[in-house]
Number of protein chains: 2
Amino acid sequence: MSLTNLETRLPSGPYNGRKGRPVPAAKGEEIVDSRFDRRLAKLLHHAAHIFCEKGYEGASMRDLSKAAGMSLAGLYHYFNSKEDLLYLIQKHTFETIIARLQERLKDATGAEQRVRIFIENHLEYFLANKEAMKVLTHEDETLKNGRGAEIRAIKREYYRICLELLEDLGREKGLQFSGRLAVLALFGMINWIYTWHNPRVDLNAGELAEEMSDLFLRGVLNPGKPKRKTQKANA
Amino acid sequence: MSLTNLETRLPSGPYNGRKGRPVPAAKGEEIVDSRFDRRLAKLLHHAAHIFCEKGYEGASMRDLSKAAGMSLAGLYHYFNSKEDLLYLIQKHTFETIIARLQERLKDATGAEQRVRIFIENHLEYFLANKEAMKVLTHEDETLKNGRGAEIRAIKREYYRICLELLEDLGREKGLQFSGRLAVLALFGMINWIYTWHNPRVDLNAGELAEEMSDLFLRGVLNPGKPKRKTQKANA
DNA sequence: AGATATTCCGAACGAACGTTCGGTAAGCTG
DNA sequence: CAGCTTACCGAACGTTCGTTCGGAATATCT
């Protein structure tokens, strides 16, 4: 599975959820990346756009059929249900951001540097794939049962990676703080951007990552109460 | 308008959005808080619960009728549309949290203390009215046109209050930082809690406010790069 | 060429949606 | 008591929803 392309190239992967769709003869090499896969990827891209704009429940398959320039019935050649679309978008997005993170963490030393890489990776991918990431973030309670459990498991893994990075940091610096609280505060900061980031006004991903890393790391690494001149008690 | 009750007591206020519903005769005192208002408040409470659970688009009026123990048609005696429900919930919630904040800020001196009050007020109200606050936060792009613009205006006011508190702080301490980035990072931290806070596991509002205030203020007030022992450059 | 599998569509299905209508029962006013 | 308003409901309206079905094109293979 190629991870070389930096843009959102969606499935090209192990999805064979369609009824019993056989691998297409396995001729020479490219079993994946067939015409079918490429068309499905475009559909998922359109779907992410619509789910992002109207929300999963508010978006209709007819909206997608218009956006994709395909008939309503024709869509169902590529997937089985609307729920599949959300699942595929969320799963691919989450797996990609984690894979990219682990690639970047491989050759990184120093706990602080690794935390900075986590933040930078998150913000870069978030802003480069804003729509899919908003769908991932905003619809994180939408999927139920097995599909929902699977996505939630990936989310827990992502959480766990971040928690370990922060606990390493605390150990290295000899500090003690609540890892859980730190992770969740950090996630709040970096996930919230989908509600406000405007590329024409705001910093780009790299700059943002540096600012937020500084803000967060100062908050976590500095001991005790913040320095202040006066502290008054209320009546 | 009484602000004495700490729990969510919804309209009892200037809502006369119903067709031409006259003030009920203005007998002795209580023009508001009529039977009608109290019943509507309970309906809004149920609606917030359902919107919180299933999302605005995913929730149906039939869900609400079941939860409220009232017939589907009977609901429409109290409001004109499903959209009204969302509007009333969001408007009341937002106005209440701002009113409470301004009350608390009145007798507070010191820029840092005022920022701490902002955070504490937000988290206290958020955790005490989790469902309505999730609806406010999660459905913040759902309302369109006039209603949406009105809610968005209140949101901008809340943002502006926080921004001024932070700029005062920066001025008082002689620091310079991006107010916009600081506000949005702070909002991320404190709004994100609806995705994770579990009262059986996590700190209560007051403790959380102190922890997050410390984290944020250390991040904002300490100058330069966070202290560190080693800094390595990547290949 | 013919045979076969893939791609796509018009039309329709039943279910669920928000809302409305006509009407009933209860409460208050004089 | 009559007269009026409020509170509420069963039933239905028209629309939109996700999905399916049979078949028509189009591409691929032998």
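Around DNA strand D lie 19 residues, of which A:Ser60, A:Ser81, B:Ser71, B:Ala73 and B:Gly74 come nearest. This is a predicted model, and what follows should be read with that in mind. The surface near DNA strand D draws on both chains, for α2 (61–68), α3 and α4 (82–106) of chain A and α1 (35–54) and α3 of chain B each supply at least two of its residues. Sorted by class, that surface has nine nonpolar, five polar and five charged residues.

The other strand can be read in the same manner. DNA strand C is surrounded by 19 residues, the closest being A:Ser71, A:Ala73, A:Gly74, B:Ser60 and B:Ser81. Here α1 (35–54) and α3 (72–75) come from chain A, while α2 (61–68), α3 (72–75) and α4 (82–106) come from chain B, and each of these elements gives at least two residues to the surface near DNA strand C. The classes on the surface near DNA strand C are nine nonpolar, five polar and five charged residues.

How are the two protein chains related? A turn of 180° with a shift of 0.0 Å along the axis lays chain A on chain B with an RMSD of 0.0 Å. The two copies are thus related as by a two-fold rotation axis. The interface agrees with this picture: 100% of the interface residues of chain A are also interface residues in chain B, so the copies meet through the same surface.

That contact between the chains takes 33 residues from chain A and 33 residues from chain B. On the side of chain A that touches chain B, the elements giving two or more residues are α5, α8 (179–191) and α9 (205–221) of chain A. Of these, α9(A) provides the largest share of that side, with ten residues. By class, the side of chain A that touches chain B is made up of 14 nonpolar, ten polar and nine charged residues.

Within the interface, one helix pair can be followed residue by residue. Helix α9(A) packs against helix α9 (residues 205–221) of chain B at an angle of about 115°, and their axes are 7 Å apart. The crossing of α9(A) with α9(B) is right-handed. The contact is made by A:Leu215, A:Phe216, A:Arg218, A:Gly219 and A:Val220 on α9(A), and by B:Leu215, B:Phe216, B:Arg218, B:Gly219 and B:Val220 on α9(B). Among the residues of this contact of α9(A) with α9(B), six are nonpolar, two polar and two charged.

Inside chain A, helix α7 takes part in two packings that are worth following in turn. In one of them, the axes of helix α5 (residues 111–128) and helix α7 (residues 145–173) of chain A come within 8 Å and cross at roughly 155°. With angles over 145 degrees counted as roughly antiparallel, α5(A) and α7(A) are therefore roughly antiparallel to each other. Their crossing is left-handed. Helix α5(A) makes the contact through A:Ala111, A:Glu112, A:Arg114, A:Val115 and A:Phe118, and α7(A) through A:Cys162, A:Leu165, A:Leu166, A:Asp168, A:Leu169 and A:Glu172. The residues of this contact of α5(A) with α7(A) comprise seven nonpolar, no polar and four charged.

In the other packing, the axes of α4(A) and α7(A) come within 10 Å and cross at roughly 20°. Angles under 35 degrees count as roughly parallel, and α4(A) and α7(A) are therefore roughly parallel to each other. The crossing of α4(A) past α7(A) is left-handed. From α4(A) the contact takes A:Glu83, A:Tyr87, A:Gln90, A:Lys91, A:Phe94, A:Glu95, A:Ile98 and A:Leu101, and from α7(A) it takes A:Arg147, A:Ile151, A:Ile154, A:Lys155, A:Glu157, A:Tyr158 and A:Ile161. By class, the contact of α4(A) with α7(A) has eight nonpolar, one polar and six charged residues. Helix α4 of chain A, which packs here on α7(A), is also one of the elements that supply the surface near DNA strand D.

Conventions
Residues numbered from 1 in each chain as written. Chains lettered and ligands numbered in written order. Predicted model: local features only at pLDDT ≥ 70, side-chain atom pairs only at ≥ 80, totals over all residues. Near = placed C-beta within 6 Å. Helix = DSSP H or I, 4+ residues; strand = E, 2+ residues; numbered from the N terminus. Nonpolar A, V, L, I, M, F, W, Y, C, P; charged D, E, K, R; others polar. Least-squares fit on C-alpha atoms with pLDDT ≥ 70 in both. Contact = placed C-beta atoms within 7 Å. Axes fitted to C-alpha atoms, helices over the stretch in contact; angles between N-to-C directions. Parallel < 35°, antiparallel > 145°, perpendicular 65-115°, else oblique. Left-handed = near helix turned anticlockwise from the far one by under 90°.
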